[in-house]
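Here is a walk through a two-chain model, taking each chain in turn, then the place where they meet, and finally a few backbone oddities. Keep the structure open beside the text.

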Amino acid sequence: MQYKSQAVAKPYFIAAIGLFIGQIVFGLVMGLQYVVGDFLFPAIPFNIARMVHTNLLIVWLLFGFMGSAYYLIPEETENELYSPKLAIITFWIFLVAGALTVVGYLFVPYSTLAEWTGNNILATMGREFLEQPLITKVGIVIVALSFLFNICMTLLKGRKTSISLVLVLGLVGLAVFFLFSFYNPTNLVLDKYYWWWVVHLWVEGVWELILGAILAFVLIKVTGVDREVIEKWLYVIVTMTLITGILGTGHHYYWIGAPEYWQWWGSVFSALEPIPFFMMTIFAFNMVNRRRREHPNKAAVLWALGTGVLAFLGAGVWGFLHTLAPVNYYTHGTQMTASHGHLAFYGAYVCVVITMISYAMPILRGRAANSNKAQVVEMWSFWLMSVSIVFITLFLTAAGIVQVWLQRYSDAPMAFMAVQDKAAIFYWMREGAGVIFLIGLLTYVASFFIKGETKAAA
Amino acid sequence: MSTTFTKSMARNIFYGGSVFFFLLFIALTVDTTHALPKRDNSQNITPEVARGKKIWETNNCIGCHTLLGEGAYFAPELGNVYKRRGGDNGGAEFIKGWIKAQPTGIPGRRQMPNFHLTDQELDDVVAFLKYVSEINTEKWPPNIEG
């Protein structure tokens, strides 16, 4: 690697992959509970498994983003990280806080956990994805501040590229919008309205800036295409992201008590949200086609292209499928949403973090790229995970259609649980695809341990 | 992209466009805030409702159920459960009886834990669900099954 302090990224990447495995294991538990309702009950009720599944996802992606930033920023700014020591301290704080939170979810009744951790002082818990105890949320803010301080100080004393500016803007936005997780009014409509300022403005807003910046960085490295060209693309993509994504928040405001006009604002702008993702796909393929060097890390290139395609499919196409208000009226709160959520998160954020890990990890381990043998295994893991998540998405979509047809659109609507029985076949198939996904993930982990001939890092 | 469209032009459009649309979003949010009191049933937020919402949250009900369509999709929608189970004619009794009877213990069926709520807490949860059922949701869900 070019700068010694980039090495702090390594523990972040390792933690990210470790937590990813945990996320998938709990996903399989939930998937089975969909069809074998009393599986692991009462030891791990569904709501606990889901909390662990989604919170681990968020935390490991944050580890991935932070590791990516610690790797990328020194190289972009052309100087050492302001404080590698601080980066390692915050790593351990974040990891221990995250682990303690998960242990709390699993071994303490949630209401007791709320009592122990200050929820009576400021009630923030028990809202989807923001289930973390107050002290964990405060911890996240402290970790984010220390991380941003470290990154910004590095940026201030070095070269300021567009990639690092977009990345830092995304990271600052991530921290700022998280603050809305502390606002929880009794008025449910207001509660939900601002809940989306965390959830939507993260994943359909500032996180896309982080995604774009990481992708642009890796594409410069593996294709050798001129920085001016890549950064111009990056600006155009993130412009489209925010122009469509900010008002696209309206697609969550159709049925929660907000005024009717959100059906128009939300439909029009969120219908445009696939555009930046489509551009990202074109961008990735274009840059790889115009490459000026043959980078030895083929696996990283595959992940970068996969990010473009699968983010467009998951976030773009599957988002569009149910984003228009007249459609969403029937699909809202069905497995349609779950299908979109799975492919969007995988395509956009899982893939981009693995793209970065795939590119950076060999260099952090002292070689330009892994051996051919290791790369072949890694590429197998890409296909296993990507194909199985597409099938998970298709099966959940089918289950969603069953729900819409029998419970929503019908003249004689059936009750929720009766419809769930009708969709059981698709839940079984989803679980099967989930097992393949886990095999893919384990294959990915295995690729790190495969030796063979490698070239030293440049 | 052509060379006449430069990176600095792209950057300026990015900053300008983002700020413009964020300000527009803020303006719509202000308007929404003014419009909400007529729609959000907040006049019926009593101390019982506030306590009920907290019980809803501290037992992580959203981890299985949806509320106005948001949450997990493992268990039924509860935004309109008060009306579905009889409204003012028996809705409260049904919901309280249901919560107390959990888990069913039927082999292979999805199970809801027993949260050991007191009678007061059960009344609070019902008050919260009744309040939610009266929010103006633009006629969502399409029918009473949620």
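## Two chains and their contact

Chain A has 16 helices and zero strands. Bear in mind that this is a predicted model. The radius of gyration of chain A is 22 Å, which agrees with the value near 23 Å that a compact globule of 458 residues would have. Its C-alpha trace spans about 65 × 45 × 45 Å along the principal axes of chain A. Of the 458 residues in chain A, 60% are buried. Contacts across the sequence matter for the picture too: taking the contacts in chain A with a separation of 6 or more, 80% are between residues 24 or more positions apart.

Chain B is built another way. It comes to five helices and two strands, and reading along the sequence of chain B gives the pattern α-α-β-β-α-α-α. Chain B is more spread out than a compact globule, because its radius of gyration is 22 Å, well over the 15 Å that the globule rule gives for 146 residues. The C-alpha trace of chain B spans about 70 × 40 × 30 Å along its principal axes. Buried residues account for 40% of the 146 in chain B. Among contacts in chain B with a separation of 6 or more, 61% link residues 24 or more positions apart.

Here are those chain-level values side by side.

| Chain | Residues buried | C-alpha span along principal axes | Contacts 24 or more positions apart, out of those with a separation of 6 or more |
|---|---|---|---|
| Chain A | 60% of 458 residues | about 65 × 45 × 45 Å | 80% |
| Chain B | 40% of 146 residues | about 70 × 40 × 30 Å | 61% |

**Domains.** The domain assignment splits chain A into domain 1 (1-159) and domain 2 (224-458). Their C-alpha centres lie 20 Å apart in chain A, and 21 residues of domain 1 of chain A are in contact with 21 residues of domain 2 of chain A. On the domain 1 side of that contact, α1 (9-35) and α2 of chain A each supply at least two residues. It is α1(A) that gives the most there, with 14 residues. By residue type, that side of domain 1 of chain A has 16 nonpolar, four polar and one charged.

Chain B is also assigned two domains, domain 1 (7-37) and domain 2 (41-133). In chain B the C-alpha centres of domain 1 and domain 2 lie 37 Å apart.

**Where the chains meet.** How many residues does each chain bring to the contact? Chain A puts in 60 residues and chain B puts in 57 residues. On the chain A side, α2 (46-77), α4 (110-116), α7 (188-223), α8 (227-248), α12 (325-331), α13 (335-364) and α14 (372-408) each supply at least two residues. The largest share comes from α8(A), with eleven residues. Sorted by type, the residues of chain A that touch chain B come to 33 nonpolar, 16 polar and eleven charged.

**A helix worth a look.** Helix α11 of chain A (residues 298-321) has 24 residues and reaches 33 Å from first C-alpha to last, close to the 34 Å expected. There is a bend of about 25° in α11(A) at A:Leu313. Since 18 of its 24 residues are buried, α11(A) is largely enclosed by the rest of the structure.

**Backbone oddities.** Most residues other than glycine have a negative phi, and most peptide bonds are trans. Against that background, four spots stand out.

Take the peptide bonds to begin with. The bond from B:Gln102 to B:Pro103 is cis, with omega near -10°, and B:Pro103 is in the loop between α4 (91-101) and α5 (119-133) of chain B. Another cis bond joins B:Trp140 and B:Pro141, with omega about 0°; B:Pro141 is in the segment after α5 of chain B.

Then there are the positive phi values. A:Phe129 is not a glycine, yet its phi is about 70°. A:Phe129 is in the loop between α4 and α5 (134-156) of chain A. Phi of B:Asn41 is near 60°, and B:Asn41 is in the loop between α1 (7-35) and α2 (47-58) of chain B.

Are these two residues buried or partly exposed? A:Phe129 is partly exposed, with 18 other C-beta atoms within 10 Å. B:Asn41 has 21 C-beta neighbours inside 10 Å and counts as buried, because the cut-off for burial is 20 or more.

How values were computed
Residues are numbered from 1 along each chain as its sequence is written. Chains are lettered from A and ligands numbered from 1 in the order in which they are written. This is a predicted model: local features need pLDDT of at least 70, side-chain atom pairs count only at pLDDT 80 or more; totals for chains, interfaces and linings use all residues. Two residues are in contact if their C-beta atoms, placed from the backbone, lie within 7 Å. Helices (H or I, at least four residues) and strands (E, at least two) are DSSP runs, numbered from the N terminus. Ala, Val, Leu, Ile, Met, Phe, Trp, Tyr, Cys and Pro count as nonpolar, Asp, Glu, Lys and Arg as charged, and the others, Gly among them, as polar. Domain bounds come from an automatic or database domain assignment. The radius of gyration is taken over C-alpha atoms; the globule rule is 2.2 Å times the number of residues to the power 0.38. A residue is buried if 20 or more other C-beta atoms lie within 10 Å of its own, exposed if 12 or fewer, and partly exposed in between; C-beta atoms are placed from the backbone. The expected span of a helix is 1.5 Å times one less than its number of residues. The bend at a residue is the angle between axes fitted to the seven residues ending there and the seven starting there.
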